[in-house]
Amino acid sequence: MSAGDAGGNNFSAFKHFVMAQARSRIYAFVHISSIGLAGFPVGEMKNLEYTNVDLAAKTLAENPESVLGIKVRESLDVVGANGIEPLRCARLAAERSGIPGARVMCHIGNAPGDILTHAYRGAGNNTVANGKLIAAALEAKKCGVIIDVGHGGGSFSYAVAEPAIEQGLMPDTISSDLHAYSGNSPGEPFLPWVMSKFLNMGFTLEQVVSMATERPAKIIGKVDKLGTLQVGAPADVSIMELIESEVRFVDTVNNARTGKRYLKPVQTVRAGRSYGRPFPSPFAYP
């Protein structure tokens, strides 16, 4: 999943040089910013001239097989003084695309869609204030907004997640938000490890697996039976071992928790072929 890496100006390159070359199945959100997700040293939405509603809508309309909707980031360092205007533009682009079920994915950070990711962020989070879940967050979930984890390198705090979940803001999907920085952060947001954190927060193995496989696939709604082991489903399988052992986790603000079990990756199969196995002829070695 690409959560808005490319915008209307560079989506074609992303589609042809990244998506088309990957063995994994990739879906994407197109960024409301025409330049895509930048963020450093200048946030992509500090200049609203980068917001191109028509271009984003056109990109979505022309790529319905792979683009799920529009992405927008609403962190202060990304939007500056522009507030929620980028979010309004993202909603307009999704509507203008004419694609039924087009979604808006909104990243929240330290400033105020259809998919709310980083829902348990620690720094400046907008779902929990002083230990209490804000009413708007729960109302959003009741209205059908999808609550996504989006752990990453700075977007998951036990101090937010625990009271939020206890007070009703349950996650719908578990995601890693893995990238070059977050993969080297103390929270280690590799998907099996993020799943393990929720496994040790009281969720059952069945719930954790469902939130990382079947439920996201159903929300994406592109491939029949994707994310399941049903007869006729794509032969995409992640094999993991449930290890019963004392384990220590940290969130993205270095809060620690201990647990008694975790998921260890063993093998990955894509379209019936194991990763790490030799390629078939004519690409195989003699």
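# A guided tour of the predicted model

Begin by selecting helix 7 and helix 8 (residues 205-212), which pack at an angle of about 140° with their axes 9 Å apart. This angle makes helix 7 oblique to helix 8. The crossing of helix 7 past helix 8 is right-handed. To display the contact, show Leu191, Met195, Phe198 and Leu199 on helix 7, together with Leu205, Val208, Val209 and Ala212 on helix 8. The model is a predicted one, and local features are described where pLDDT is at least 70.

Remain on helix 8 and colour Val208, Ser210, Met211 and Ala212, which are buried. The buried residues of helix 8 pack against two elements, helix 7 and helix 9 (214-220).

**The antiparallel sheet**

Return to helix 7 (residues 191-199) and add strand 9 and strand 10 to the view: the helix lies across both strands, running at about 60° to strand 9. These strands belong to an open sheet of three strands in the order 9-10-11, with antiparallel pairing. Strand 9 (237-250) and strand 11 (273-274) stand at the edges with a single partner strand each, so one side of each has no neighbour in the sheet.

Next, select strand 9 with strand 10 (residues 256-270); twelve bridges pair the two in the antiparallel sense. Within this view, Val250 can be found opposite Ala256 of strand 10.

**The parallel sheet**

Now select the open sheet of six strands, ordered 1-2-3-4-5-8 and paired in parallel. Its edges are strand 1 (2-7) and strand 8 (146-147); each has a single partner strand, so one side of each is left without a neighbour in the sheet.

Move to strand 3 (residues 67-73). Seven of its seven residues are buried, so strand 3 is largely enclosed by the rest of the structure. Strand 3 can be followed to a partner on either hand:

- Strand 2 and strand 3 run parallel and are joined by four bridges. Val30 has Ile70 in strand 3 as its bridge partner.
- Strand 3 and strand 4 (residues 103-107) also run parallel, joined by five bridges. Gly69 has Arg103 in strand 4 as its bridge partner, and Arg73 stands opposite His107 in strand 4.

Add helix 2 to this view: helix 2 lies across strand 2 and strand 3 and runs at about 155° to strand 3.

Continue to strand 4, where four of the five residues are buried, so strand 4 too is largely enclosed by the rest of the structure. Strand 4 runs parallel to strand 5 (residues 115-117), and three bridges join the two. Two pairs may be labelled here: Cys106 with its bridge partner Leu116 in strand 5, and His107 with its bridge partner Thr117 in strand 5.

**The nonpolar cores**

Which residues have the most contacts inside the largest nonpolar core? Select Ile32, Ile70, Tyr120, Ile174 and Phe198, which hold that position in a core of 55 residues. Phe198 has already appeared in this tour, on the helix 7 side of the contact with helix 8.

Centre the view on Ile70 and display its surroundings. Leaving aside residues up to four places away in sequence, Ile70 touches Phe29, Val30, Ile32, Ala56, Leu60, Ala90, Ala93, Ala94, Arg103, Val104 and Met105. Val30 in this list is also the residue whose bridge partner is Ile70, while Arg103 is the bridge partner of Gly69.

A second, separate core has seven residues, among them Tyr27, Leu68, Ile146 and Ile220.

**A loop residue**

For the last stop, select Pro41, in the loop between strand 2 (28-31) and helix 2 (53-62). Is Pro41 buried or exposed? Pro41 has a relative accessible area of 68% and is therefore exposed, the cut-off being over 50%. Finally, add Pro64, 23 residues from Pro41 along the chain; the C-alpha atoms of the two prolines are separated by 32 Å.

Note on methods: Residues numbered from 1 in each chain as written. Predicted model: local features only at pLDDT ≥ 70, side-chain atom pairs only at ≥ 80, totals over all residues. Heavy atoms only, no water. Pairing = 2+ DSSP bridges. Contact = heavy atoms within 4.5 Å. Axes fitted to C-alpha atoms, helices over the stretch in contact; angles between N-to-C directions. Buried < 20%, exposed > 50% of the residue type's maximum accessible area, 1.4 Å probe, protein only. Core = buried A, V, L, I, M, F, W, Y, C linked by side-chain atoms within 4.5 Å. Parallel < 35°, antiparallel > 145°, perpendicular 65-115°, else oblique. Left-handed = near helix turned anticlockwise from the far one by under 90°.
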